[in-house]
Each structure stands twice: as structure tokens, then as C-alpha cells.
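Student: I would like to learn how to read a structure like this one. Please take me through it step by step.

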Amino acid sequence: MAKKLANNVAIIGCGPGAISHMTLRALKCIQEADVIVGSRRLLNLFPEVRAEKLVLGRNYRPLLTKIGRLRARKKVVVLVSGDPGFFSYARLVVTRLGKENCDVIPGISSIQLAFASIKLHWCDARFVSLHGRKTELDNLVEVVKTHDKVAVLNDTSISPKLVCHALKKGGVKGKKVYLCENLSLDNENIKEYDLTSISKANSNNNMNVMIFVSEGFN
Ligand SMILES: C[S@@+](CC[C@H](N)C(=O)[O-])C[C@H]1O[C@@H](n2cnc3c(N)ncnc32)[C@H](O)[C@@H]1O
């Protein structure tokens, strides 16, 4: 008798947070799963799904071993925010399990929605992530200084004011700053500032993307 092949793990891009922004393919795959792995925020999007739920947090390394074991008997899906190809857990999962054992289902990145919201094209943008990498702040100063359009995945522990303060201190000037918070969610907030007026922004640990554009550039 032929040996039963293990299931591929599906890594699903859940978009910025609202179910309305997910693809039908992603939703179908989640409905059919036996096990769903994801942050508490993403798992909470699917209270009606009866699959076993494994919370992804600081346990992200041991969880890779568990996912690898579970896939032999179960359909495992891994939820990531936005698009899997853009600064996500997908990279570790694919590296550990092998490309041939994974399916990647794209989602709308927070960056895509941010650019769509401010109606600006993003093919000429540079990208930096501060998510879990505060040390990238120094690098960001150089990138914003030398590029006209820079999009930043900010960390909730770094206030947008602090990011702009670091940029000003590093000699950056003449930038429009778009602060895009809680994209797609009920408390979505998108506003335009400059490096100084952002001190008036009232942002309390909101998920956010920041876009810096040189004055006169679009
Ligand atoms: C680990 S990164 C994942 C990025 C994701 N793969 C993507 O394509 O958007 C998490 C960062 O994405 C951004 N983010 C995710 N969801 C967001 C939302 N609804 N509103 C604003 N920013 C969001 C924040 O900058 C957050 O720190």
C-alpha cells in the first residue's frame, strides 16, 4: 500500500486585520484546517472555526518542530499578518520545512493598504522594518536621508514621535510623514504630518505604518 504523504503546511497572509480584506482562497483553507497556528490577534478572527489553535508568540522556534510533526497527520495552517513574503514568520517556516512542503497564500500587506489609502504608487519606495528591531532606527535615518519615499513597519513599542525625533536628530528634513494606524480596523486612523507637527499625533501603541516622502515628490 502506498505510504500516505504528509500534508503541506499552508502559510496564509491574513491582510492587515479585517476579514473583509482576506482572499476567498485563504478563508477556504482556514475552514478546512485541522490545526491553526497564529498570534492571538489573528486566531481571534476565527472564533467559529473548530480546528485546534496554537498561539504563536515567543515560542516561535519550538513551534516550528511541532508544526513539522503535526503536518504528517493533520492539515496545518499558519496565519501571518499582511503578506507572508513581507517581514513575516513565513520565512522561518519555509526554511525549516522546505519549500516543497509549504504552500504560501498571499495577503494584502499593511504597506499596500497604506499606500492605497494615501493614493500614492509604491513601486519606487524603499522599505524598512522596525518591528522587533529597534536597532534599525539608525539605519532608517540613513535610508530616509538618501531616498525620496520610504515606508516603515513600525513597532508598537516605538512611538511615531520618537521615530521622527531620531530622524530630525540625524539631520533629516523636508519630509511629509503619513501615519497609518490600525489599517482596515474600526479604529483606523490615517493622517499627514511633517517631522515637527507629528508631535501632536495622539498615538497610543497602535499598530502603524509610517511613510516618509520628500516635499515636492510624489
Ligand atoms: C511582523 S510585521 C508583518 C508585516 C506583514 N507581513 C505585512 O505584510 O503587513 C508587523 C508590522 O506590520 C504592520 N501592521 C500590521 N498590521 C497593521 C495594521 N492593521 N495597521 C497598521 N500597521 C500594521 C505594523 O507595522 C506591524 O508592526
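Student: How many residue pairs are in polar contact across the interface of domain 1 and domain 2?

Tutor: A polar contact is a pair of N or O atoms within 3.5 Å; within protein, one must be able to donate a hydrogen and the other to accept it, and residues adjacent in sequence count only if both atoms are side-chain atoms. Across this interface the rule finds one such residue pair, both at pLDDT 80 or more. The model is predicted: local features need pLDDT of at least 70, side-chain atom pairs count only at pLDDT 80 or more, and totals for chains, interfaces and linings use all residues. Residues are numbered from 1 along each chain as its sequence is written, and side-chain values use heavy atoms, with hydrogens and water left out.

Student: Where do the two domains lie in the chain?

Tutor: Domain 1 spans 9-108 and domain 2 spans 111-214, with bounds from an automatic or database domain assignment. Their C-alpha centres lie 27 Å apart.

Student: How many residues of each domain are in contact with the other?

Tutor: Contact means heavy atoms within 4.5 Å. Nine residues of domain 1 are in contact with eleven of domain 2.

Student: Which atoms of the protein come close to the ligand's nitrogen and oxygen atoms?

Tutor: A backbone N or O atom of Pro-16 lies 2.7 Å from a ligand nitrogen atom. For Asp-83, a backbone N or O atom is 3.0 Å from a ligand oxygen atom, and for Asn-208 the distance from such a backbone atom to a ligand oxygen atom is 2.8 Å.

Student: How much of the ligand's accessible area does the protein cover?

Tutor: Accessible areas come from the Shrake-Rupley method with a 1.4 Å probe; for residues, only the protein chains shown count as cover. The ligand on its own has 560 Å² of accessible area, and the protein covers 93% of that.
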